[in-house]
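Below are some notes on the fold you sent round, set out as numbered points. They concern packing, ring pairs and charged contacts.

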Amino acid sequence: MARDWCATPEGTERYAQRLGEAAASGHFRRRHGLHVSSIGLGTAAGQADDRTDERYRGALARAFELGANVFDSAINYRYQRSERAVGAALAQLFKSGRARRDEVIVATKGGCFPFDEDPLRLADDWVTENVVNKGLARPEEIVGGGHCISPPFLEDQLSASLANLGLGCVDIYYVHNPENQLEAVTVEDFNKRMRAAFELLERAADDGRIRLYGTATWNGYRRSPGERGYLSLAEMVARAREVGGEGHRFRVIQLPLNLAMPEAVTLPNQTVDGEAMSVLSAAALLDITVMCSASIRQGQLARYLPPVVAELFGGLSTDAQRAIQFVRSTQGVTTALVGMSDPTHVEEDLSVVKVPPASLEDSFGTDDGAGETET
């Protein structure tokens, strides 16, 4: 792999050192050799239009200046436009010399159909033309008319994402919402499909097109065993070990965590070595990095939080900042992802970078998870 194709330990450390005192202690966490910012920029929300593209480009550049080096997207976000906006923003940063590729951690996802840039196009027509007729998947491999994880389809989507982003490698590639498959197939068949997907992603890692891979979910890791769509993290890791051995590259998961959706901390729905525990605890034991989405729950937690939250999270001036502080301070969380397409929101949200993560007592009984740990 060409070293300038992806984030590197040297590059991310250079970035963290360049931030210097502008980033408080504990903002950068060392995971799998990289210095990873505790706040990252998400790109799911917004209209599929030129104005939103322009706003994301500006937001990403400003976020990088203020201390975020994690940028998260997916091929289906805004009909591929989010990936392209991220790619355009990064290209400008690289061209101007304000950033280097090895300083930036880029994540994207495949599995949900992107449906081009035309929201009015009939989904069935798109699937027939772009998936079935191209031999990327058989009809029975497509779930709910909009989800597929067949290896040929994921290969096609990875190639498209690299082109959209203008990159030779993405640092994290997620299988997007794999729990959707459990709506249509047995657990046994699901495990076979995940194993085949992981085989493809291990090859992509060998080829240098991805650095690490994982699963990005909404409900899968937040459900109880026995519920439809429940995902076992230990089983996911077992599938990765089957195809990649102990050196497998399944090393990252993404799931929601916020003040209103605390299941990643409070629900003991995972089992590791016979012991029930939360998904965050399981991830720590299994050497899995956790990125948390919906940190301010699509803006719903950006205002009107109870006064006790302000009391617990001192040094911050807005509810959005306090909601972000809760997530980034929770033990086991590496990065709190926040959707930011407005430069004003970037300024507000990234002000948290200047404040150390909250202590055990301040974060509702969780540990701070903020020290630089190497795995």
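1. Start with helix α7, whose buried residues are Leu233, Met236, Val237, Arg239 and Ala240. Around the axis of α7 these buried residues stay within an arc of 155°, so they line one face of the helix. The model is a predicted one, and the points below should be read with that in mind.

2. What lies over that face? The cover of the buried residues of α7 includes α6, β7, β8 (250-256), β9 (270-272) and α9 (279-285). Helix α7 itself spans residues 233-244, 12 residues in total. From first C-alpha to last it reaches 16 Å, close to the 16 Å expected at 1.5 Å a residue. Just after α7 comes Gly245, with a positive phi of about 70°.

3. Helix α1 can be read in the same manner. Its buried residues are Gly11, Thr12, Tyr15, Ala16 and Leu19. They take up an arc of only 135° around the axis, which puts them on the same side of α1. A general point on helices applies here: with 3.6 residues a turn, residues three or four places apart point the same way, so a pattern of this kind can be read from the numbering. Among the elements covering the buried residues of α1 are β1 (28-31), β2 (34-37), α2 (50-66) and β5. Gly20 follows α1 and has a positive phi, near 55°.

4. On the nonpolar interior: the largest core has 85 residues. Those with the most contacts inside this core are Leu90, Ile210, Tyr221, Leu233, Phe250 and Ile253. Helix α6 gives the most to this core, with eight residues. Another core, of 13 residues, lies apart from it and includes Leu34, Leu212, Ala216 and Val252. Leu233 thus appears twice, once among the buried residues of α7 and once among the best-connected members of the largest core.

5. The structure holds nine aromatic pairs. In one of them, the ring centres of Phe113 and Phe115 are 6.0 Å apart and the planes stand at 85°, so the pair is edge-to-face. Phe113 and Phe115 are both buried. Together with Trp126 and Phe153, Phe113 and Phe115 form one aromatic cluster.

6. A second pair is that of Phe198 and Tyr213, which is tilted, with 5.2 Å centre to centre and 50° between the planes. Which parts of the chain does this pair link? Phe198 sits in helix α6 (residues 187-207) and Tyr213 in strand β7 (residues 210-216), 15 residues apart. Both Phe198 and Tyr213 are buried.

7. There are 28 salt bridges in the structure. One joins the side chains of Arg14 and Glu103, at 3.1 Å from N to O. Arg14 belongs to helix α1 (residues 9-19) and Glu103 to the loop between α3 (81-96) and β5 (105-110), so the bridge ties together parts 89 residues apart in sequence. Is Glu103 buried or exposed? Glu103 counts as buried, at 2% relative accessibility, while Arg14 is partly exposed, with a relative accessible area of 25%.

8. Arg138 and Glu140 also meet in a salt bridge, at 2.8 Å from N to O. Here both partners are partly exposed: Arg138 has a relative accessible area of 47% and Glu140 one of 49%.

9. Within helix α6, Lys192 forms a salt bridge with Glu188, the closest N and O atoms being 3.9 Å apart. Lys192 and Glu188 are four residues apart in α6, and hence separated by about one helical turn. Both Lys192 and Glu188 are exposed. Elsewhere, salt bridges with shared partners join Arg195, Glu199, Glu235, Arg239 and Glu242 into one network. Arg239 in this network is also one of the buried residues of α7.

10. Last, Arg249, which lies in the loop between α7 and β8. At 21% relative accessibility Arg249 counts as partly exposed. Its C-alpha is separated by 9.3 Å from that of Ile210, 39 residues apart along the chain. Neighbours within four places in sequence aside, Arg249 is in contact with Glu202, Ala205, Asp206, Arg211, Leu212 and Tyr213. Of these contacts, Tyr213 is the partner of Phe198 in the tilted pair, and Leu212 is among the residues of the 13-residue core.

How values were computed
Residues numbered from 1 in each chain as written. Predicted model: local features only at pLDDT ≥ 70, side-chain atom pairs only at ≥ 80, totals over all residues. Heavy atoms only, no water. Phe/Tyr/Trp six-rings, centres within 6.5 Å; stacked < 30°, edge-to-face > 60°. Buried < 20%, exposed > 50% of the residue type's maximum accessible area, 1.4 Å probe, protein only. Helix = DSSP H or I, 4+ residues; strand = E, 2+ residues; numbered from the N terminus. Expected span 1.5 Å × (residues − 1). Arc of directions from axis to C-beta. Contact = heavy atoms within 4.5 Å. Core = buried A, V, L, I, M, F, W, Y, C linked by side-chain atoms within 4.5 Å. Salt bridge = Lys/Arg side-chain N within 4 Å of Asp/Glu carboxyl O.
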